[in-house]
Protein chains: 2
Amino acid sequence: MGWEPVRRTRAFEDVIAQIERRIAEDGLTVGDRLPGERQLAEQLRVGRSSVREAMRVLETLGVVASHAGRGPDAGAVLTARPAGALADLLRLHVGLSSLSMREVAETRMMIEQWAVRHAAGHATPDRLDRLRAALARMERAGSADEFVLHDAEFHLTIAELSGNRLLTATMHALRATVQRHAVEAVERLGVTDPLMADHRRIYEAVASGDSEEAAAAIADHLTRAYPDPQGPTG
Amino acid sequence: MGWEPVRRTRAFEDVIAQIERRIAEDGLTVGDRLPGERQLAEQLRVGRSSVREAMRVLETLGVVASHAGRGPDAGAVLTARPAGALADLLRLHVGLSSLSMREVAETRMMIEQWAVRHAAGHATPDRLDRLRAALARMERAGSADEFVLHDAEFHLTIAELSGNRLLTATMHALRATVQRHAVEAVERLGVTDPLMADHRRIYEAVASGDSEEAAAAIADHLTRAYPDPQGPTG
DNA sequence: TCGGGACATATGGTCAGACCATACTGTGGT
DNA sequence: ACCACAGTATGGTCTGACCATATGTCCCGA
């Protein structure tokens with residue numbers, strides 16, 4: 001008889017499932033602590049190493065953070081940091097050529113355009129302030145490195161205008177993936193005036209609530225910044 | 001002096017970095033094998049458990065797959081499966097209320113609209129065939145479960161029209177996240193005629209190359225399918 | 001009473017070694 | 001040529017030990 005080659009559940013997978021079940025049933029939320037590794041191992045009848053592998057997975061996915069020592073902050077604490085996980089994922093898959101920079105850049109364009117088109121109600125004074133501050137710092141930037149830093153802040157705030165945390169986290173990861181290339185591109189380019197003009201145009205459109213103009217401005221900017229598959233900028 | 005609390009690099013993080021370096025420098029690609037856990041531990045001067053934690057992380061991120069036994073397929077093999085990682089990430093963060101179904105649904109709308117707007121050149125005969133096949137199977141579906149299965153195939157193929165693997169993988173994950181709710185919603189709804197009409201309208205627009213009509217059809221469909229933050233459908 | 005230092009303790013991080021489960025590989029007999 | 005079986009490489013798991021880190025606790029001296 002040809003049975004399906006049923007892959008027995010590994011111990012650490014069971015641990016993950018149990019922790020997930022506890023989160024759902026006990027209503028655990030961000031900030032709550034999980035039992036210690038030794039205690040968890042005893043409760044679930046597995047070795048501590050299996051618990052640790054489970055924790056590593058959950059940490060990778062940005063759901064728990066572990067700290068040694070004693071006190072309220074020690075141990076495994078539930079968190080909500082999906083951006084790091086997404087950044088790791090993109091970095092590794094781009095390194096493997098499983099994803100191309102073109103695809104990354106395209107996704108970024110999609111998110112930023114969507115964000116400005118759905119900014120109504122999310123363009124708070126605080127966010128507009130941050131956009132202006134980023135613009136000012138970009139102008140005063142003394143190096144490509146510094147310029148890209150504030151450029152990242154600008155585009156990240158644009159993504160926040162979507163009012164969608166998944167998109168914001170993804171934007172974080174996309175930016176991190178492109179970061180190194182962006183610095184090199186700005187250094188190669190030398191002059192940042194065209195980029196600054198793009199940024200100001202985007203800001204004005206957002207501030208005045210002109211969604212389509214903002215989307216067009218973003219398209220122009222990113223097209224300029226990613227002129228070819230090899231040289232992405234910010 | 002107030003130094004930054006420098007977190008010493010953990011052994012398994014070093015292992016990950018070394019593997020990543022090898023991928024980049026030795027030009028490893030999907031399908032290549034990594035050394036065995038024992039060998040890797042010896043080479044990098046760490047314990048096998050640290051190697052295993054590193055492998056767990058890489059497996060979670062969808063870049064390696066491990067198989068026991070012997071032969072060419074055994075050991076840790078480089079893969080390119082980002083969708084599973086994204087699905088795990090979404091499931092856990094939704095469970096933690098770190099992401100809402102509204103945000104997930106909204107992201108899905110964004111991707112599908114972008115996909116049909118950029119379908120030019122990617123709407124291959126094969127993909128159109130798959131869309132038609134999914135439509136036919138949805139019509140003949142005998143259960144909500146079966147209907148949702150083919151509905152997923154339909155929308156996944158729509159995402160493929162973007163010609164962007166990152167968006168396709170993300171769509172996989174979004175669908176998986178919504179799956180359970182979708183089945184319940186279809187069962188509650190009983191009749192699937194309106195959903196089928198939506199699907200046909202989407203297909204016709206895509207097949208005739210009318211991007212804006214396709215985008216509008218998707219907006220209508222997903223608005224109908226996700227009528228409120230609690231009850232998403234497909 | 002208050003401060004500070006020494007010790008206790010809880011928690012994660014790492015290692016070594018053992019054993020099991022799995023699945024190919026090679027060998028030898030038929 | 002085929003097939004059965006032993007060999008072996010590989011991941012999966014457990015145990016126990018020890019280190020590193022950070023907080024709690026307690027006692028002593030000023």
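## Close-up views of a predicted protein–DNA model

**View 1. Residues around DNA strand D.** Of the 28 residues around DNA strand D, those that come nearest are A:Arg10, A:Ala11, A:Gly47, A:Ser50 and B:Arg48; a residue is near a strand if one of its heavy atoms lies within 4 Å of it. This is a predicted model, in which local features need pLDDT of at least 70 and side-chain atom pairs count only at pLDDT 80 or more, while totals for chains, interfaces and linings use all residues. Residues are numbered from 1 along each chain as its sequence is written, chains are lettered from A and ligands numbered from 1 in the order in which they are written, and side-chain values use heavy atoms, with hydrogens and water left out. By class, the surface near DNA strand D has seven nonpolar, nine polar and twelve charged residues. Here Ala, Val, Leu, Ile, Met, Phe, Trp, Tyr, Cys and Pro count as nonpolar, Asp, Glu, Lys and Arg as charged, and the others, Gly among them, as polar.

**View 2. Where the protein meets strand D.** Of the atoms of DNA strand D within 4 Å of the protein, 62% belong to sugar or phosphate, and the rest belong to bases. A backbone N or O atom of A:Gly47 sits 2.7 Å from a phosphate oxygen of this strand. For B:Arg56, a polar side-chain atom is 3.4 Å from a phosphate oxygen of DNA strand D. Chain A supplies at least two residues of this surface from each of helix 1 (11-25) and helix 3 (48-60). Chain B does so from each of helix 2 (37-44), helix 3 (48-60) and strand 2 (75-78). Helices (H or I, at least four residues) and strands (E, at least two) are DSSP runs, numbered from the N terminus.

**View 3. B:Arg38 and a base of strand D.** Look for B:Arg38 in helix 2 of chain B. One of its polar side-chain atoms lies 3.0 Å from a base oxygen of DNA strand D. B:Arg38 counts as exposed because its relative accessibility is 60%; buried means under 20% relative accessible area, exposed over 50%, and partly exposed in between (1.4 Å probe, protein chains only). From B:Arg38 to B:Val148, 110 residues apart in sequence, the C-alpha to C-alpha distance is 45 Å.

**View 4. Residues around DNA strand C.** DNA strand C is surrounded by 28 residues, and the closest are A:Arg48, B:Arg10, B:Ala11, B:Gly47 and B:Ser50. Sugar and phosphate make up 63% of the atoms of DNA strand C that come within 4 Å of the protein. A:Arg48 has a side-chain N or O atom 2.8 Å from a base nitrogen of DNA strand C. A polar side-chain atom of A:Arg38 is 3.1 Å from a base oxygen of this strand, and one of B:Arg10 is 2.8 Å from a phosphate oxygen. The surface near DNA strand C divides into seven nonpolar, nine polar and twelve charged residues.

**View 5. A:Phe154 in the nonpolar core.** The largest nonpolar core has 148 residues, and A:Phe154 and B:Phe154 are among those with the most contacts inside it. Such a core is a set of buried Ala, Val, Leu, Ile, Met, Phe, Trp, Tyr and Cys residues joined through side-chain atoms within 4.5 Å. Leaving out residues up to four places away in sequence, A:Phe154 touches several residues, including A:Leu131, A:Met138 and A:His199; contact means heavy atoms within 4.5 Å.

**View 6. A buried pair partner in helix 10.** A:His221 belongs to helix 10 (residues 211-225) of chain A. With 0% relative accessibility, A:His221 counts as buried. Its side chain makes a polar contact with the side chain of A:His199 (3.2 Å). A polar contact is a pair of N or O atoms within 3.5 Å; within protein, one must be able to donate a hydrogen and the other to accept it, and residues adjacent in sequence count only if both atoms are side-chain atoms.

**View 7. B:Asn164 meets chain A.** B:Asn164 is in the loop between helix 7 (144-160) and helix 8 (165-189) of chain B. B:Asn164 counts as buried because its relative accessibility is 1%. Its side chain makes a polar contact with that of A:Glu106 (3.0 Å). B:Asn164 also touches A:Arg102, A:Glu103 and A:Thr107.
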